[in-house]
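User: Please take a close look at one part of this model, the packing of two helices against each other. I would also welcome a short account of its surroundings in the fold.

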Amino acid sequence: MSEVEGLKTYEVRTYGCQMNVHDSERLSGLLEGAGYVRAPEGSDGDADVVVFNTCAVRENADNKLYGNLGRLAPMKTKRPGMQIAVGGCLAQKDRDTIVQRAPWVDVVFGTHNIGKLPVLLERARIQEEAQVEIAESLEAFPSTLPTRRESAYAAWVSISVGCNNTCTFCIVPALRGKEKDRRPGDILAEVEALVAEGVSEITLLGQNVNAYGSDIGDREAFSKLLRACGRIEGLERVRFTSPHPRDFTDDVIAAMAETPNVMPQLHMPLQSGSDTILKAMRRSYRQERFLGIIEKVRAVIPHAAISTDIIVGFPGETEEDFEQTMHAVREARFANAFTFQYSKRPGTPAATMEGQIPKEVVQARYERLVALQEEISWEENKKQVGRTLEVMVAEGEGRKDGSTHRLSGRAPDNRLVHFTKPEQDVRPGDVVTVEITYAAPHHLLAEGPTGAVRRTRAGDAWEKRNAAPAQPAGVLLGLPKIGVPEPLPAATGGCSVV
């Protein structure tokens, strides 16, 4: 059925980075403000409005989009009045091409004008023709738009949009535009409002989050923002993603160490350990600088869990270059790493560089890197055995929780912890104290009895939301399965490319 209790339904499908996930919360809020309700989970296109929030980072992003659009074409033919909209980075890049290749699409909108979606849908309905509207600059900061947040206890808070870097593998600056910062007062007002609603964990979000302040002329604006978050009563956990090594200054390290609710977790993309490749990537740091930052962080936050992004097989990468990446990984001892085989991003300088690496060479290097990082992740996790940790209970993190009689959550450093289900009622957003008894490469186990259980306002908020009259469940948030509603596992940066 396309309608729930007589109301028109919508479905949002999201691909790409956490910025897109956050934008989809805004798109959902806009549609609900226009009178739509979410389609039941698993509706698979059986909705009155289906929105694709796209990503242009991967080489096959357009093939994936047009394949999905093609599968909806027969459904739309059978159900007059159904509308399909395409937004996000691929829409910003391809514009009229989308309607040419998929003429059954009703609306195409870009990264700068997501607030126009309801108007464009209505205009397409009345005029009975596709509406393509791509703004060249930001019309309204996303956080000023309505939202339908995916979690009662954890929330994204966007502090900037766009990026001023010119990395040769990345198309994001061309599609998201130059960096634009929100005013600190607006950010803190949003955080305070979220806390008042029961949210206890926030993740500050930006394409290059620690460059915050460049647009407003304050080089220490980000560290000041972290400290200000520390003064908000009821805010238990603050995270941020993703910083750039170029802008990672000592005042930020000090703010992390000295602000109790800023979590001992850092996701900082390395991309390559080779100075030669970093230069070809137009990354404005070198291996020594990167490892120096990690050393400084660990000097003041010994238990910090540090994660990263790495690209294998960038054009021109030699075996010696790759060995430098392996060396950097051994030295950094990342808790986790998101590793990617280089793929051409159409429209980027790297796509036409000489020295493209054969697929079989890239695959072999990738497997070596993954094996090394798996070994390090496991060794680092074993160091957690015997520690007593406060774990914030999460929703949907433990796929086997039902059969194992466990619950799952995140430690302060964002490691995933599965723990024995206590006798008393525990809700997502509540906090439990557990002792770690076993470590695997990607999770920890607390197999003994659960210690203290602290019921929180965040748990109250989750309970209140789930006690409300039944609503259709499930905006289909596609990729990645990170972030809200679960506290963020080491995130992959703005489109995994910062």
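Analyst: The helix pair is described below, followed by a strand group and a single loop residue.

This is a predicted model, in which local features need pLDDT of at least 70, side-chain atom pairs count only at pLDDT 80 or more, and totals for chains, interfaces and linings use all residues. Residues are numbered from 1 along each chain as its sequence is written, and side-chain values use heavy atoms, with hydrogens and water left out.

The axes of helix α11 (residues 287-300) and helix α12 (residues 319-332) come within 10 Å and cross at roughly 10 degrees. The two helices are therefore roughly parallel (angles under 35 degrees). From α11, the residues Q287, L291, I294 and R298 make the contact, and α12 contributes Q324, H327, A328, E331 and A332 (contact means heavy atoms within 4.5 Å). By class, this contact has 4 nonpolar, 3 polar and 2 charged residues.

Among the strands, β16 (residues 388-393) pairs with β19 (residues 431-435) in the antiparallel sense over 5 bridges (pairing requires at least two DSSP bridges). T388 has E435 of β19 as its bridge partner. β16 also pairs with β17 (residues 406-410), again antiparallel, over 2 bridges, and M392 stands opposite R410 of β17.

T259 lies in the loop between α9 (250-258) and β13 (265-267). T259 counts as buried because its relative accessibility is 5% (buried means under 20% relative accessible area, with a 1.4 Å probe and protein chains only). The side chain of T259 reaches the backbone oxygen of A255 at 2.6 Å. Beyond its neighbours within four places in sequence, T259 is in contact with L226, R227 and G230.

Notes: Helices (H or I, at least four residues) and strands (E, at least two) are DSSP runs, numbered from the N terminus. Buried means under 20% relative accessible area, exposed over 50%, partly exposed in between (1.4 Å probe, protein chains only). A polar contact is a pair of N or O atoms within 3.5 Å; within protein, one must be able to donate a hydrogen and the other to accept it, and residues adjacent in sequence count only if both atoms are side-chain atoms. Axes are lines fitted to C-alpha atoms, for helices over the stretch in contact, and angles run from 0 to 180 degrees between N-to-C directions. Angles under 35 degrees count as roughly parallel, over 145 as roughly antiparallel, 65 to 115 as roughly perpendicular and the rest as oblique. Ala, Val, Leu, Ile, Met, Phe, Trp, Tyr, Cys and Pro count as nonpolar, Asp, Glu, Lys and Arg as charged, and the others, Gly among them, as polar.
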